[in-house]
Amino acid sequence: MAGIINPWASHQYKDYAKLRDEFGIEEFSFDLPDAPPIFRRGVIFGHRGFNRVYRAILNRERFSVLTGLMPSGRMHLGHKMVIDQVLYYQKMGGDITIAVADIEAYGARNVPLDAAKDLALREYVRNYIALGLDPGRARVYFQSRRKAVTDLAYILGKRTNLSEVLGIYGFEPSVNMAHLFAPLVQIGDILHVQLDEYGGMRPTVVPVGVDQDPHIRLTREVARRARTYSVKKTEEGVGVFVKSGDAEALLVRARRHLEGRFSEFDINIPYGALYVKDASSLEEVEEIILRADREENPYAFYLPASTYHRFMTGLTGGKMSSSDENSAIFLSDSPEMARKKVMRALTGGGQTVQEHREKGGNPDVCAVYELYVYHLERDDERLREIYDSCRRGERLCGGCKKEAANLLESLLRDIQEKAAAVDDAVMREFVEM
Ligand code: TRP
Ligand code: SF4
């Protein structure tokens with residue numbers, strides 16, 4: 001269906017730039033200090049609203065990171081890539097929250113709640129710690145067990161309606177109600193971290209695959225609608241408008257908050273408008289007004305930012321997916337098994353060695369090359385050399401795979417050793433049950 005991204009369909013996207021333009025996603029080109037390679041290799045290719053989080057990182061301000069996992073299959077390298085991002089944000093001072101989407105898995109994938117719980121603990125949470133997440137500064141929770149999340153889903157449900165949700169997701173009338181409600185629970189996930197009891201209003205980033213963009217768009221829209229004020233550029237400076245309620249009291253409050261920073265105001269109560277004539281930055285006024293709003297409105301939130309990563313190509317050609325054993329390298333695969341999968345992988349190599357030598361390979365469509373890009377080669381120079389020598393036909397698939405398999409083996413051994421050593425008490429501290 002044109003014009004719709006379906007978060008529950010499983011397919012590989014081809015043209016990310018086109019997707020980005022079609023849906024108004026912005027190009028990701030931030031120069032993040034000490035960031036892992038995926039941030040600069042085009043793997044994280046798009047964002048919404050990341051500028052504010054970027055500023056928070058540079059200025060060492062508070063910010064929050066929220067992501068979620070669907071507990072419906074084993075954890076593979078594609079999932080690890082999200083955690084690599086989370087690890088980076090944690091290092092930069094972000095506070096981390098991870099939602100186990102057990103309600104969504106139940107509604108959309110028929111996974112019973114207790115099975116989701118076992119799977120999440122065994123396959124995901126243990127590996128998060130093994131990968132280096134500091135459980136002291138991160139929390140994992142289950143959608144079905146955090147009342148603030150489901151409450152928020154209901155409350156903010158007021159800010160959208162059935163026709164909008166049908167339009168975004170293309171649901172059939174036969175959709176079960178738990179599935180239909182999943183987008184609202186995800187809105188609850190994303191925004192609840194800004195409630196007072198979960199750390200208060202602060203910039204938030206949601207690192208996800210681009211299939212999640214419909215949820216992000218809806219969440220940002222709903223958050224915008226939940227605000228008491230709207231802020232717009234006008235001919236008379238930046239305009240602050242009251243959407244409903246006691247215009248006079250609200251405008252006076254807005255002005256009080258703005259006075260420390262600006263001094264030329266024009267207030268028009270019948271119009272529900274306050275003009276800040278000496279303001280030029282919309283964002284600056286918006287942020288001050290957000291704090292004014294929050295005095296009385298617990299649902300005034302920073303619009304959550306998002307970043308979008310590409311999906312890993314599966315070793316069998318399609319998307320790397322838990323439902324196709326051979327397409328994915330699971331973190332719990334034995335190193336021997338992982339080696340076998342790599343050695344059997346589809347590559348961008350020529351049909352024969354001779355053809356490969358003559359015409360060169362195509363790393364741009366090669367799942368093995370992607371392993372280097374995403375996980376195995378941290379050094380940009382050496383990655384470049386792999387790319388170029390493949391293109392020149394000098395690097396052959398057999399040796400290239402062996403090298404990748406060796407690196408992967410030691411990566412998996414390391415993760416598995418650490419996972420085995422994770423203490424149950426640490427898990428309990430990390431997960432809210
Ligand atoms: N819908 C996500 C998925 O299919 C899981 C998820 C639930 C999530 N809540 C979230 C992701 C909040 C990011 C933020 O994988
Ligand atoms: Fe892929 Fe390596 Fe073969 Fe090039 S040489 S096509 S990168 S496996």
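Ligand 1 turns up in the largest pocket of the protein, and the model shown here is a predicted one. Three elements each give two or more residues to the shell around ligand 1: the strands β3 (64-69) and β6 (204-209), plus the helix α8 (177-192).

So who are the neighbours? The shell holds 13 residues, and those that come nearest to ligand 1 are Gly68, Glu104, Gln186, Asp189 and Gln212. Sorted by character, the shell is a mix of 6 nonpolar, 5 polar and 2 charged residues.

Nitrogen atoms of ligand 1 feature in several polar contacts with side chains. Asp189 places a polar side-chain atom 2.7 Å from a nitrogen atom of ligand 1. For Gln212, an N or O atom of the side chain is 2.8 Å from a nitrogen atom of the ligand. Gln186 joins in too, with a polar side-chain atom 2.9 Å from a ligand nitrogen. As for how much of the ligand is covered, ligand 1 would expose 360 Å² if taken alone, and the protein buries 91% of that.

Zooming out to the whole protein, the count comes to 17 helices and 12 strands. Along the principal axes, the C-alpha atoms fill a box of roughly 80 × 45 × 45 Å. How does the radius of gyration fit with a compact globule? A compact globule with 433 residues would have a radius of gyration near 22 Å, and the protein has 24 Å, so the two agree.

Terms used. Residues numbered from 1 in each chain as written. Chains lettered and ligands numbered in written order. Predicted model: local features only at pLDDT ≥ 70, side-chain atom pairs only at ≥ 80, totals over all residues. Heavy atoms only, no water. Near = heavy atom within 4 Å. Polar contact = N/O pair within 3.5 Å; in protein donor to acceptor, adjacent residues only side chain to side chain. Areas by Shrake-Rupley, 256 points an atom, 1.4 Å probe, with all protein chains shown as cover. 1 Å grid on protein atoms, 1.4 Å probe; cavity = no way out; pocket = protein on both sides within 12 Å on 5 of 7 lines; lining within 4 Å. Sits in = over half its atoms within 2 Å of the grid points. Helix = DSSP H or I, 4+ residues; strand = E, 2+ residues; numbered from the N terminus. Nonpolar A, V, L, I, M, F, W, Y, C, P; charged D, E, K, R; others polar. Rg over C-alpha atoms; globule rule 2.2 N^0.38 Å.
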